[in-house]
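I opened this structure to make a few notes for a reader who has not seen it before. I went through it one topic at a time.

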Amino acid sequence: HMDRGILRQWGSLKTFEKSLGPVHFVRCNACYLVNLKYVRGISGDHVLVGGDELAISKPRRKEFLTAVAQYKGGSR
């Protein structure tokens with residue numbers, strides 16, 4: 001998810017996760033990488049990115065919420 005919509009790309013999400021990690025993209029579940037700059041809120045097991053609500057999976061929840069807290073807290 002980006003500010004101008006969703007980027008659809010061929011390849012492994014793991015590969016993109018590694019290359020985009022330094023610019024604050026974090027995986028919230030098996031299907032999405034989220035740019036922390038555009039996180040508008042978190043409600044229960046969902047993250048609001050732009051106008052989209054994405055599920056946060058249980059296995060990724062702790063890591064994702066920690067990354068959001070660190071980013072929003074200023075340790076970018």
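**Entry: Arg27 and its partner**

I began with Arg27, in a model that is predicted. Arg27 is buried, with a relative accessible area of 10%. I then looked up what the side chain of Arg27 meets, and found a salt bridge with the side chain of Glu17, at 2.9 Å from N to O. The two residues sit in distant parts of the chain, ten residues apart: Arg27 belongs to strand S1 (residues 25-27) and Glu17 to helix H1 (residues 13-20). Glu17 is partly exposed, with a relative accessible area of 22%. I noted that the cut-off for buried is under 20%, so Arg27 at 10% falls below the cut-off and Glu17 at 22% does not.

**Entry: the other salt bridge**

How many salt bridges does the structure hold? I found two. Besides the pair above, the side chains of Arg61 and Asp45 meet in a salt bridge, at 3.2 Å from N to O. Arg61 lies in helix H2 (residues 58-72), and Asp45 is in the loop between strand S3 (39-43) and strand S4 (46-49), so this salt bridge ties together parts that are 16 residues apart in sequence. I looked up the exposure of both residues. Arg61 counts as partly exposed at 27% relative accessibility, and Asp45 counts as partly exposed at 38%. As a general remark, side chains of opposite charge can pair when their charged atoms come close.

**Entry: layout of the chain**

I stepped back to the chain as a whole. The protein chain has two helices and five strands. From the N terminus on, I read their order as α-β-β-β-β-β-α. Of the 76 residues in the protein chain, 26% are buried. I also looked at contacts between residues at least 6 apart in sequence, and 38% of these join residues at least 24 apart.

**Entry: the sheet**

In what order do the strands of the open sheet run? I found three strands in the order S3-S4-S5, with antiparallel pairing. S3 and strand S5 (52-55) are the edge strands, and each pairs on one side only. Neighbouring strands of this sheet are turned by 25° against each other on average, with direction ignored. I then checked one pairing by itself: S4 and S5 pair in the antiparallel sense over four bridges. In S5, Asp52 stands opposite Val49. In general, strands of a sheet pair through backbone hydrogen bonds, either parallel or antiparallel.

**Entry: the cysteines**

I searched for disulfides and found zero. Cys28 is in no disulfide, and the nearest cysteine sulfur, that of Cys31, is 8.6 Å away. Why do I not count Cys28 and Cys31 as a disulfide? The cut-off is within 2.5 Å between the sulfur atoms, and the 8.6 Å separation of these two sulfurs is beyond the cut-off, so the pair does not qualify. I also asked of each cysteine: buried or exposed? Cys28 is buried, with a relative accessible area of 0%, whereas Cys31 is exposed, with a relative accessible area of 59%.

**Entry: Asn29**

Next I looked up Asn29, which is placed in the loop between S1 and strand S2 (33-35). Asn29 counts as buried at 9% relative accessibility. A polar atom of the side chain of Asn29 lies 2.7 Å from the backbone nitrogen of Cys31. The side chain of Asn29 also reaches the backbone oxygen of Ala55, at 2.7 Å. Which residues is Asn29 in contact with, leaving aside its neighbours within four places in sequence? I found Ala55, Ser57 and Arg60.

**Entry: Thr66 and His24**

Thr66 is in helix H2 and counts as partly exposed at 37% relative accessibility. A polar atom of the side chain of Thr66 lies 2.8 Å from the backbone oxygen of Lys62.

My last look-up was His24, in the loop between H1 and S1. The phi of His24 is near 70°, a positive value in a residue other than glycine. His24 is partly exposed, with a relative accessible area of 25%.

Methods
Residues numbered from 1 in each chain as written. Predicted model: local features only at pLDDT ≥ 70, side-chain atom pairs only at ≥ 80, totals over all residues. Heavy atoms only, no water. Salt bridge = Lys/Arg side-chain N within 4 Å of Asp/Glu carboxyl O. Buried < 20%, exposed > 50% of the residue type's maximum accessible area, 1.4 Å probe, protein only. Polar contact = N/O pair within 3.5 Å; in protein donor to acceptor, adjacent residues only side chain to side chain. Pairing = 2+ DSSP bridges. Axes fitted to C-alpha atoms, helices over the stretch in contact; angles between N-to-C directions. Contact = heavy atoms within 4.5 Å.
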